[in-house]
Amino acid sequence: VQLVESGGGVVQPGGSLRLSCTASGLAVSINAMGWHRQAPGKQREMVATITSGIINYADSVKGRFTISRDNAKNTVYLQMNTLKSEYTAVYYCNAKIPGYRYWGQGTQVTVSS
């Protein structure tokens, strides 16, 4: 099983980035996909999840981030707009099947002027 993320990088405050994550090698259907992030010195936290059309966002990103999913491609996207410096972190994709959650390797997002 492999989750491959892309789209991270360096962006100025107020800018936008779009993250993508594709899951491969799974023999069962994915229940949920989503994104977490971990900033230096902080715990990993949920950013956004999508499950059969039900979407949840962390309060800190509501109105700025949009999660979407292409089930046929086992791909999840995270459109991040109006980025703030406090969003700097490693962003991890995850895919949940019954009884287990797979993680990607993470992609760095740096918001800095």
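In this predicted model, Cys 21 has Val 76 as its bridge partner in strand β8. That pairing belongs to a longer contact between two strands, for β3 and β8 run antiparallel and are joined by six bridges. Both strands take part in an open sheet of four strands, whose order is β1-β3-β8-β7 and whose pairing is antiparallel. The edges of this sheet are formed by β1, residues 2-6, and by β7, each of which pairs on one side only. If direction is ignored, neighbouring strands of the sheet are turned against each other by 15° on average.

**The disulfide**

Cys 21 also takes part in a disulfide, and the structure holds one such link. A disulfide is a covalent bond between the sulfur atoms of two cysteines. Here the partners are Cys 21 and Cys 93, with a distance of 2.0 Å from S to S. Because Cys 21 lies in strand β3 (residues 17-24) and Cys 93 in strand β9 (residues 89-97), the pair ties together parts that are 72 residues apart in sequence. The torsion about the S-S bond is about -75°, and the disulfide is therefore left-handed. Are the two cysteines buried or exposed? Cys 21 is buried, with a relative accessible area of 0%, and Cys 93 also counts as buried, at 0% relative accessibility.

**Strand β9 and its partners**

The strand that carries Cys 93 is mostly covered, since seven of the nine residues of β9 are buried. β9 pairs with β4 in the antiparallel sense over seven bridges, and within β9 the bridge partner of Arg 37 is Tyr 91. β9 is also joined to β11 by three bridges, again with the strands running antiparallel, and in this pairing Val 90 stands opposite Gln 108. A further antiparallel partner is strand β10 (residues 100-103), which four bridges join to β9, and there Ile 97 stands opposite Tyr 100. The hairpin of β9 and β10 has two residues between the strands, and in this hairpin Gly 99 takes a positive phi near 85°.

**The nonpolar core**

Which residues touch the most other members of the largest nonpolar core? Among its 30 residues, they are Trp 35, Phe 65, Leu 78, Met 80 and Tyr 91. Several strands, including β4 (32-38), β5 (45-51), β7 (65-70) and β8 (75-80), each supply at least two residues of this core, while the largest share, five residues, comes from β9. Phe 65 counts as buried, at 3% relative accessibility. When residues up to four places away in sequence are not counted, the residues that Phe 65 touches include Arg 37, Val 47, Tyr 57, Leu 78, Met 80 and Tyr 91.

**Aromatic pairs**

A pair of aromatic rings is described by the distance of the centres and the angle of the planes. There are two aromatic pairs in this model, and their values are set out in the table.

| Aromatic pair | Centre to centre | Angle between the planes | Arrangement |
|---|---|---|---|
| Phe 65 and Tyr 87 | 5.2 Å | 65° | edge-to-face |
| Tyr 100 and Tyr 102 | 4.7 Å | 65° | edge-to-face |

Phe 65 lies in strand β7 and Tyr 87 in the loop between β8 and β9, so their pair ties together parts that are 22 residues apart in sequence. Tyr 87 counts as buried, at 2% relative accessibility, whereas Tyr 102 is partly exposed, with a relative accessible area of 22%.

**Residues in the loops**

Most residues other than glycine have a negative phi. Against this background, Asn 74 has a phi near 50°, which is a positive value in a residue other than glycine. Asn 74 is found in the loop between β7 and β8 and counts as partly exposed, at 26% relative accessibility. Thr 82, although not a glycine, likewise has a positive phi, of about 45°. Thr 82 lies in the loop between β8 and β9 and is partly exposed, with a relative accessible area of 43%.

Gly 25 is found in the loop between β3 and β4, and this glycine is exposed, with a relative accessible area of 63%. Gly 25 and Gln 2 are 23 residues apart in sequence, and in space they are 6.3 Å apart, taken from C-alpha to C-alpha.

Notes: Residues numbered from 1 in each chain as written. Predicted model: local features only at pLDDT ≥ 70, side-chain atom pairs only at ≥ 80, totals over all residues. Heavy atoms only, no water. Disulfide = S-S within 2.5 Å. Buried < 20%, exposed > 50% of the residue type's maximum accessible area, 1.4 Å probe, protein only. Core = buried A, V, L, I, M, F, W, Y, C linked by side-chain atoms within 4.5 Å. Contact = heavy atoms within 4.5 Å. Pairing = 2+ DSSP bridges. Axes fitted to C-alpha atoms, helices over the stretch in contact; angles between N-to-C directions. Phe/Tyr/Trp six-rings, centres within 6.5 Å; stacked < 30°, edge-to-face > 60°.
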